Amino acid sequence: MEKKLKVGILGATGMVGQRFIALLENHPWFEVVTVAASPRSAGKTYEEAVGERWKMETPMPEAVKKLIVLNVNEVEKVATTVDFVFSAVDMSKDEIRAIEEEYAKTETPVVSNNSAHRWTPDVPMVVPEINAEHFEVIKDQKKRLGTERGFIAVKPNCSIQSYAPCLAAWKEFGPKEVVATTYQAISGAGKTFKDWPEMVGNVIPYIGGEEEKSEQEPLRVLGKVENGVIVKAELPKITCQCVRVPVLNGHTAAVFINFEKKPTKEQLIEKLREFKGFPQEAELPSAPKQFIQYLEEDNRPQVTQDVDFENGMGVSIGRLREDSMFDFKFIGLSHNTVRGAAGGAVLCAEALTAKGYIQAK
């Protein structure tokens with residue numbers, strides 16, 4: 001790419017906003033030129049606005065420290081400075097839906113980490129390896145919004161990344177029933193152990209809204225485009241429990257699965273290792289070379305050893321074995337704030353750029 005696209009980050013001071021900042025440092029296609037946040041942060045430098053709340057393992061990039069934070073609500077002002085935006089705003093769902101549409105109507109594409117538009121019928125919710133073809137609905141969304149180049153695309157919830165890719169890889173065997181329990185890291189709540197000392201040595205068996213998302217969102221990802229909207233898949237039927245555990249980064253899933261056509265263990269492992277999609281074919285900058293790795297050891301995947309596989313953009317699967325009640329069971333692991341949040345959104349933006357949906361203004 002001759003000239004980098006100018007990127008804005010909405011909600012830049014929060015944990016996911018910070019992850020966007022960290023991931024986009026030295027990105028070959030994108031350059032962060034604008035950071036926007038709540039009115040209380042507006043007017044400060046990014047360094048001042050974040051202060052002691054920088055939560056990434058790597059230092060704050062020098063290039064963003066002196067950027068003046070804009071008011072995220074001053075949509076026209078922010079939009080004039082960028083080619084497209086990533087959205088990680090902390091607002092109510094109604095407010096998020098409204099402000100993301102407002103940005104799109106300024107002819108500014110919005111790639112969102114938020115859940116507000118995940119069920120808007122003509123907004124694609126994409127894991128680029130699985131359903132990049134869902135970007136096709138953008139043309140119908142633009143008609144609704146009355147835009148030439150502005151649109152909204154979203155990525156799905158972090159909780160599904162550790163098992164939904166398997167369902168796609170095993171599609172030919174007809175996954176029909178799935179029981180999953182996710183063990184979710186505290187960074188998914190925007191927290192560190194310093195912020196949330198009561199999580200040390202603790203398990204909380206409830207995360208608001210996560211079970212519904214974990215059961216329904218894979219069906220939308222596995223669905224198809226019909227008449228300008230996404231129609232969700234009917235199978236597999238999924239039931240899920242979501243548990244918060246004392247881990248900083250990394251969502252683990254324990255999954256049981258039944259198939260229409262029962263495969264062998266060897267076939268399932270082969271399909272995982274072979275599975276790839278548009279990001280690998282197009283060699284997108286953030287794409288993992290190996291999307292899904294299968295680990296043979298009985299005690300893998302582990303957060304401490306495997307969460308950063310492929311720079312946090314890969315998915316790790318292990319302990320696949322036959323079950324006494326289901327056909328098979330397995331353990332999955334994904335990085336919830338990289339693949340599951342900001343990294344997944346960056347990969348979506350790269351795919352949208354490669355396909356010509358995002359261009360310089």
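Which elements each supply at least two residues of the lining of the second largest pocket? Hold that for a moment. This is a predicted model.

Start with the largest pocket. Its volume is about 1,100 Å³. The lining takes in 47 residues. Nearest the centre lie V16, A88, V89, D90 and N114. Four elements give two or more residues to that lining: α1 (15–24), α5 (93–105), α9 (210–221) and α13 (338–354). Of these, α1 gives the most, with 4 residues. By type, the lining divides into 21 polar, 16 nonpolar and 10 charged residues.

Now the second largest pocket, and back to the opening question. The elements are α1, α11 (278–281) and α13, each with at least two lining residues. So much for the list; here are the figures. About 610 Å³ of space lies in this pocket. It is lined by 26 residues. L23, S286, E310, N311 and M313 lie nearest its centre. The split here is 12 nonpolar, 7 polar and 7 charged.

Note two names that come up for both pockets. α1 and α13 give two or more residues to the largest pocket's lining, and each supplies at least two to that of the second largest.

Last stop, helix α7, residues 138–145. Its buried residues include I138, Q141, K142 and L145. Why do they sit on the same side of α7? Because they cover an arc of only 100° around the axis. What covers them? Among the elements are α5, β6 (152–154) and α13. After α7 comes G146, with a positive phi, near 75°.

Technical notes. Residues are numbered from 1 along each chain as its sequence is written. This is a predicted model: local features need pLDDT of at least 70, side-chain atom pairs count only at pLDDT 80 or more; totals for chains, interfaces and linings use all residues. Side-chain values use heavy atoms; hydrogens and water are left out. On a 1 Å grid over the protein atoms alone, a cavity is a set of points where a 1.4 Å probe fits but cannot get out, and a pocket is an open set with protein on both sides within 12 Å along at least five of seven lines; lining residues have an atom within 4 Å of a point. Grid points are joined across faces, edges and corners, and a volume is the space filled by probe spheres set on the points. Ala, Val, Leu, Ile, Met, Phe, Trp, Tyr, Cys and Pro count as nonpolar, Asp, Glu, Lys and Arg as charged, and the others, Gly among them, as polar. Buried means under 20% relative accessible area, exposed over 50%, partly exposed in between (1.4 Å probe, protein chains only). The arc is that of the directions from the helix axis to the C-beta atoms. Contact means heavy atoms within 4.5 Å.
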